[in-house]
Amino acid sequence: MKEMVLLGDEAIALGAMHAGVSGCFGYPGTPSTEILEYLVDAFERGEGPAARWCANEKTAYESALGVSFAGRRAIVTMKHVGLNVAADPFMNSALCQIKGGLVCVVADDPSMHSSQGEQDTRFYADFAMVPLFEPVNQQEAYEMMAEAFELSERFAVPVVMRIVTRLAHSRAVVRVAEKPRSQNPLDKGLPQDWMLLPALARKNYAKLIDKQGPLGEWASSWSRNELVINESRKDLAVITSGLGRNYFRENLGDYRASCGAKGLPSTLHVASLPLPSELIRKLADSAETLLVIEEGMPFLEKQLRGIIPGKNRILGKYDGTLPRAGELNPDTVRKALGLPPNKSVLDGAPAPELPARPPQLCKGCPHHDSYSSLNLAVSRLNEKEGRVSTVVAADIGCYALGAVAPLKAVESIVCMGASIGMARGAAEAGYKYAFGVIGDSTFLHSGLTGLVDAVSSKTPVTVIILDNSIVAMTGCQPTMLPSSQLEQAVLGIGVEREHLKVIEALPGKVEENARILQEEAEYPGVSVVIFVRECLEAVRLRKKREAVTHG
Ligand code: SF4
């Protein structure tokens, strides 16, 4: 064994490599991005297995499924909302008899540090009836990858690894293996195990249900689901999962002192789905009240009500013992344990007033010039009509910052690709000028289909594609297609040549570009305006590459 300092994301990537993974796929999304970044770097250096960024999470999941079908181990990575995009292959893959181990790593973002929602991936794993692992630290994240692949192959099911932002983005010393396990040989799955035609799918669904009992037994015997009973304490027991365990342990010194002679309550740490029901029942027999400390939505709390109905009083997020929204932290858990607040460095003094620092586009960002043109066009169109007759629906990327001052250029940001569909809907509802603003990467991720709909119905919308030649927001991953191919894609869908405008997003062209937007907005059909200019970071990276090539 050797020691390395790794991010949680990197520990997972290295864990997968050391477990003999053959194919790695993903779509960037904070806080999961660094997993595939690590694997892609290794692949490009010739030191790791095939690792590819994909157009979206669905195509990534399907590519991983193909590796598994071929008998080899695969990892697919995404953020929590990415699993919504991959939900179709994810749910159906539970019915396939997984061949090579398949691990889907999903990074949840409680507190929404860089996300539009707090959804909890455990609900998805439960819905699909597949196992889920939840590490508490970087070491476990590394080790659990090999265990997840083994479980996936043993039960022929995909396994989900759920992590959260604090684990993904913090570093720790991790003891890692010296040598990777060798990759599985090529060995295709059987067609009847992978063709979900109704007659076969019904049989496979029955097999999935049959696996639940043995999986439940495995969960209750897995050493990472750890039960500690204190026979002399009958009033309270504590259940932790994920980082909830760390916050509980951080308070243990003071808590032990406050417990006095009766000692610490019995505890159960839950690291898996299916839940270790047998251990939960033993814990419930040991005490009247259960305190549930879990990061994310009150998933465990809800499940407990089915496993031990009415038996115990349950404290947690439903009754307000812990906050329902946002991340847990040592202070919220401290309060739930009945401990007084830690002494603050402020010592009772009011917190100093700090100026707000909302995120901004980089100075000189091309999106600023594109939005300046759009704002000008929108104000002129509304002025001409004498009333509000414009809608500007936007999407997810750096350009979402066009929503805030001073630009205040967009009116909706919902999910990847929603801008085009929402603009089309608003046009169908009666707004005369509907704009959908989307980045080049987001367009390829899930905007193409929205454009197909608009072209099919000939709905008058103006789609604005902000082509900055990179996936900027998640750390500058390469875009899937160069600008020239983007134009071909738009034309191939059926947008008329004369209503596809490709213009430069430059400060000196704000007025000229606004006029083009106005003209296209007046066209009673689908028009697409592509604003082209590289992201400043893309320019820097390109120059660095060129210097290496020429140097
Ligand atoms: S990273 Fe690039 S796209 Fe994002 S705000 Fe900065 S310049 Fe603009």
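Tutor: Helices are DSSP runs of H or I with at least four residues, strands are runs of E with at least two, and both are numbered from the N terminus. With that, Pro 406 can be placed in the loop between strand S15 (390-394) and strand S16 (412-413). This is a predicted model: local features need pLDDT of at least 70, side-chain atom pairs count only at pLDDT 80 or more, and totals for chains, interfaces and linings use all residues. Residues are numbered from 1 along each chain as its sequence is written.

Student: What makes Pro 406 worth placing?

Tutor: Its peptide bond. The bond from Ala 405 to Pro 406 is cis, with omega near 5°. A second cis bond runs from Thr 30 to Pro 31, with omega near 10°. Pro 31 sits in the loop between strand S2 (21-26) and helix H2 (33-44).

Student: Why point out cis bonds at all?

Tutor: Because most peptide bonds are trans, and most residues other than glycine have a negative phi. Met 129 goes against the phi rule: its phi is near 60°, a positive value in a residue other than glycine. Look for Met 129 in the loop between helix H6 (121-128) and strand S6 (132-133).

Student: Why are H1 and H7 called roughly parallel?

Tutor: Check the angle. The axes of H1 (residues 8-18) and H7 (residues 138-155) cross at roughly 25° and come within 7 Å. Axes are lines fitted to C-alpha atoms, for helices over the stretch in contact, and angles run from 0 to 180 degrees between N-to-C directions. Under 35 degrees counts as roughly parallel, over 145 as roughly antiparallel, 65 to 115 as roughly perpendicular, and the rest as oblique. H1 and H7 are therefore roughly parallel to each other.

Student: Which residues of H1 and H7 make the contact?

Tutor: H1 gives Gly 8, Ala 11, Ile 12, Leu 14, Gly 15, Ala 16 and His 18. H7 gives Gln 138, Ala 141, Tyr 142, Glu 143, Met 145 and Ala 146. Contact here requires C-beta atoms, placed from the backbone, within 7 Å.

Student: What makes H16 and H20 oblique?

Tutor: H16 (residues 366-385) and H20 (residues 510-522) cross at roughly 50°, and their axes come within 8 Å. That angle falls in none of the named ranges, so H16 and H20 are oblique to each other. Among the residues that meet are Asp 369 and Arg 380 in H16, and Asn 513 and Leu 517 in H20.

Student: How do H18 and H19 compare with the definition, parallel or antiparallel?

Tutor: H18 (residues 440-457) and H19 (residues 483-493) pack at about 20°, with axes 10 Å apart. That makes H18 roughly parallel to H19. Asp 440, Leu 448, Leu 451, Val 452 and Val 455 in H18 meet Leu 486, Ala 489 and Ile 493 in H19. By class, this contact has seven nonpolar, no polar and one charged residues.

Student: How do you know where one domain ends?

Tutor: From the domain assignment of the protein chain: domain 1 (2-218), domain 2 (226-336) and domain 3 (366-539). The C-alpha centres of domain 1 and domain 3 lie 34 Å apart. Their contact takes 11 residues from domain 1 and 11 residues from domain 3.

Student: Which residues surround the ligand?

Tutor: Leu 361, Cys 362, Cys 365, His 367, Cys 398, Asn 468, Ala 472, Cys 535, Leu 536 and Glu 537. Each has its C-beta atom, placed from the backbone, within 6 Å of the ligand. The shell divides into seven nonpolar, two polar and one charged residues.

Methods. Domain bounds come from an automatic or database domain assignment. Two residues are in contact if their C-beta atoms, placed from the backbone, lie within 7 Å. Ala, Val, Leu, Ile, Met, Phe, Trp, Tyr, Cys and Pro count as nonpolar, Asp, Glu, Lys and Arg as charged, and the others, Gly among them, as polar.
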